[in-house]
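User: Please take a close look at a single helix of this model and at the packing around it. I should like one connected account rather than a list.

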Amino acid sequence: MKFTLNWLKEHLETTASLDDVVEALTRVGLEVEGVENPGEKLAAFRVAKVLTAERHPQADKLQVLTVDTGEGAPLQVVCGAPNARAGLVGVLGLPGAVVPANGMQLKVAAVRGVESNGMMCSTRELELGDDHEGIIELPADAPIGMPYPDYAGLNDAVIDVSITPNRQDCMGVRGIARDLAAAGLGTLKPLEVDPVPTSGAGPEVRIEAPEGCPAYFGQTVSGVTNGASPDWMQQRLKAIGQRPISALVDITNYVMIDLGRPLHVYDKAKLSGALVVRKAKAGEQVLALNEKTYTLDESVTVIADDTGVHDIGGIMGGEDTGVSEATTDVVIECAFFDPDHIARTGQKLNLASDARSRFERGVDPAFLDDGIAIAARYVVDLCGGTASEVTRAGQAPTTPRSYRYDPALAETLGGLAVPADRQKAILESLGFTVGADWNVTVPSWRRDVDGPADLVEEVIRIEGIDKVPPTPLDRVPGVARPTATPEQKLERKLRRTAAARGLNEAVTWSFISEAEAAPFGGGAWSLANPISEDMKVMRPSLLPGLLAAAERNVKRGASGVRLFEIGRRYLADKERLTLGVVLAGDRSARGWQGGKGQRFGAFDAKAEALALLEAAGAPVANLQVMGEAGDVYHPGQSATLRLGPKTVLAAFGMVHPGVLKAFDLDGDVAAVEIYLDALPAKRGSGFMRPAYTPPALQAVTRDFAFLVPAELAAGDLVRTVKGADKAVIVDARLFDIFTGTGVPEGQKSLAIEVTLQPGEKSFTDAELKAVADKVVAAAAKLGATLRG
């Protein structure tokens with residue numbers, strides 16, 4: 001929301017400086033995004049008069065001008081504008097000035113052999129309009145030598161304020177002025193409403209869709225002349241980035257920004273029959289003022305006549321009934337549209353407009369009569385004509401809302417003690433009516449106020465949030481108790497473990513595109529109103545975001561990428577906490593020992609999965625490596641880690657080439673997904689573990705080599721061997737795999753080191769043999785035989 005300081009002072013009687021206004025806006029909750037003075041960039045341009053204009057000796061289309069700048073001797077300027085002539089008063093850019101349109105710095109230079117001391121400027125070159133057919137022509141009485149910004153009134157600061165969705169009343173300059181007046185920066189001026197004389201019946205209007213438009217007012221003005229709007233109106237509109245079009249259009253834009261009241265004007269000659277507010281018929285189309293055609297359905301509220309749809313109600317008018325220079329009779333529309341309907345329609349059609357941004361927040365439903373009266377006054381004063389009576393269809397929701405308020409809430413709820421009379425003054429300055437019993441009636445323009453808590457907010461923000469004293473929370477005596485939940489503790493531990501292993505944490509969007517979700521089975525949830533099509537689907541996996549991040553890093557020269565993220569997957573049944581890892585590029589850099597850099601492989605992913613699961617407290621020793629990890633992973637180079645046949649704790653392996661192609665990744669990429677919600681809960685023992693006591697005797701190791709079927713997983717054999725005698729076997733690990741000479745076809749040799757821990761005395765040979773027999777017997781159950 002942009003406005004100028006002088007525009008603000010049309011509603012606010014104040015002597016406050018620009019700095020005071022900016023500070024007060026932020027203090028009352030209206031964030032100032034920027035302040036600029038459009039006249040600053042034109043400070044070096046002067047009002048000047050052409051004294052003589054002679055033909056250039058070397059060019060037919062150029063003239064040599066003698067220009068009076070108001071001080072010193074006249075300057076010689078070469079000009080190519082067709083309207084340059086003696087006696088013309090225009091705008092001269094002096095040497096050193098920078099032309100806003102192209103950034104060119106003017107200097108004394110020879111043009112076809114004739115010295116030129118500046119440039120006479122057009123409106124386009126000064127970014128004041130689109131006209132470039134000739135140089136600017138000012139009135140003959142314009143003061144020669146005056147800086148052009150001072151003459152044109154361009155030294156008016158433009159303030160850009162960010163309006164939150166709940167402050168619909170501040171979508172007009174007057175609403176902002178009201179807040180500043182309440183904050184003590186001046187007095188809110190009375191709003192002048194001077195209805196025009198009327199004669200004759202108004203336009204025929206009826207409502208067939210009150211749920212979308214409860215109230216619709218119309219008024220005809222006949223005999224208008226639609227020329228250019230006055231300079232003061234154009235200057236204000238231009239200052240805030242609005243392009244002046246014509247008096248009628250500029251009036252509607254001006255009233256909308258000035259008072260927060262969207263309007264529309266129809267060329268009456270282009271209408272046929274009554275104006276009807278109805279629901280669109282499926283497939284109906286309308287060519288809007290943005291020159292785009294929209295196909296409508298039954299949920300869209302439209303304004304139509306006997307020939308068809310002319311207006312997407314409350315959002316944008318139609319091109320075929322728009323006003324032009326030939327317009328002589330107009331119908332002014334002033335309506336109240338339901339905010340929810342406007343929001344849904346705008347989202348469905350992907351159509352944004354200044355009118356939509358106000359209607360979907362909720363305009364003042366009690367401002368219909370005054371709004372159309374003000375608009376009609378502007379039309380008659382600026383365009384002439386005779387106004388009809390106002391036709392009123394429907395009834396806006398103007399039932400007042402009242403709440404019982406306790407002034408003590410300012411302190412108990414807002415944290416600031418404010419005297420009751422001061423609270424009453426604040427509320428009344430904002431338009432609230434406060435009864436003797438503190439029954440507070442909410443003004444019609446404050447749709448956001450919905451109870452005593454909101455009244456406290458109004459009091460505190462005007463009194464000053466910075467005045468709220470810092471108050472420490474009550475603390476229980478002694479050492480503070482831990483507040484982190486078990487889930488938070490787990491996430492913290494996993495982050496530290498992953499970082500210690502050389503992984504870099506990534507934080508990616510929970511929203512991805514449909515194309516990114518497709519390789520992972522698509523998303524179960526899609527957003528009805530996404531920020532963009534690239535952020536439409538709730539992610540079914542953490543890998544899409546990590547793969548996209550890896551692709552960006554690799555393309556920017558990263559030789560090795562190690563990323564992890566802890567976040568949620570959004571599945572059809574619920575959100576599931578997950579840890580994802582992506583390993584791309586080189587695992588180790590090239591060097592004199594190993595030659596080329598080593599790429600990541602499936603076993604690197606497995607190592608990360610096991611290390612992180614162990615940090616999470618999972619019983620890693622009991623996990624089984626089973627099956628393929630899914631279509632996302634490379635078949636034969638992926639697996640799952642399970643606690644039993646059904647509980648999948650993790651998936652790991654090489655990412656499928658098809659998935660890599662979808663993310664524009666070359667080479668091999670390994671990935672891990674750890675399903676943290678599947679981890680078994682820790683059992684509550686109810687007592688402390690005994691202190692760890694190191695064994696008194698040294699552990700003993702024994703090596704076993706088994707011949708096993710080639711398809712047997714080594715992990716299964718290691719797990720079986722470790723469980724052969726749990727009393728003395730404390731560890732078992734694979735240290736060799738061999739196939740070749742001496743090993744039968746279809747088999748492989750697995751060598752396992754078994755660690756035995758004696759208790760109170762050393763093992764005897766007989767005890768060692770007994771343990772070895774148990775190991776061999778257990779392995780035999782898997783089809784393993786001791787290699788001779």
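Analyst: The account below begins with one helix, moves to the nonpolar cores, and then turns to a sheet and two loop residues. The model is a predicted one.

The helix chosen is α5, which spans residues 231–239. Within α5, M233, Q234, R236 and L237 are buried. These four residues lie on the same side of α5, because the arc they cover around the axis is only 165°. As a general matter, an α-helix has 3.6 residues a turn, so residues three or four places apart point the same way. The cover over the buried residues of α5 includes α1 (5–8), α6 and α9 (368–383). After α5 comes G241, with a positive phi near 95°.

Two of the covering helices lead on to the nonpolar interior. The largest nonpolar core comprises 112 residues. Its members with the most contacts inside the core are L8, V21, L25, I176, L180, Y216 and L296. Helix α6, residues 247–259, contributes nine residues to this core, the most of any element. L8, for its part, falls in the range given for α1 (5–8). V21 shows how distant parts of the sequence meet: with neighbours within four places in sequence left aside, V21 is in contact with L5, L8, A16, I159, L180 and L185. A second core, separate from the largest one, has 31 residues, including A615, M654, A670 and L676. In soluble globular proteins, nonpolar side chains tend to be buried together.

Beyond the helices, an open sheet can be described. This sheet has five strands in the order β13-β16-β19-β20-β21, and its pairing is mixed. β13 (205–207) and β21 (316–317) are the edge strands, each pairing on one side only. The pairing of β13 with β16 (residues 275–279) is parallel and runs over three bridges. In this pair, I207 stands opposite V277 of β16.

Two loop residues other than glycine also have positive phi values. For E291, phi is near 65°, and the residue sits in the loop between β17 (285–287) and β18 (293–295). E291 counts as exposed because its relative accessibility is 65%, the cut-off for exposed being over 50%. For W438, phi is near 60°, and the loop that holds W438 runs between β25 (433–434) and β26 (439–442). W438 is buried, because its relative accessible area is 16%, and buried means under 20%.

Notes:
Residues numbered from 1 in each chain as written. Predicted model: local features only at pLDDT ≥ 70, side-chain atom pairs only at ≥ 80, totals over all residues. Heavy atoms only, no water. Pairing = 2+ DSSP bridges. Buried < 20%, exposed > 50% of the residue type's maximum accessible area, 1.4 Å probe, protein only. Core = buried A, V, L, I, M, F, W, Y, C linked by side-chain atoms within 4.5 Å. Contact = heavy atoms within 4.5 Å. Arc of directions from axis to C-beta.
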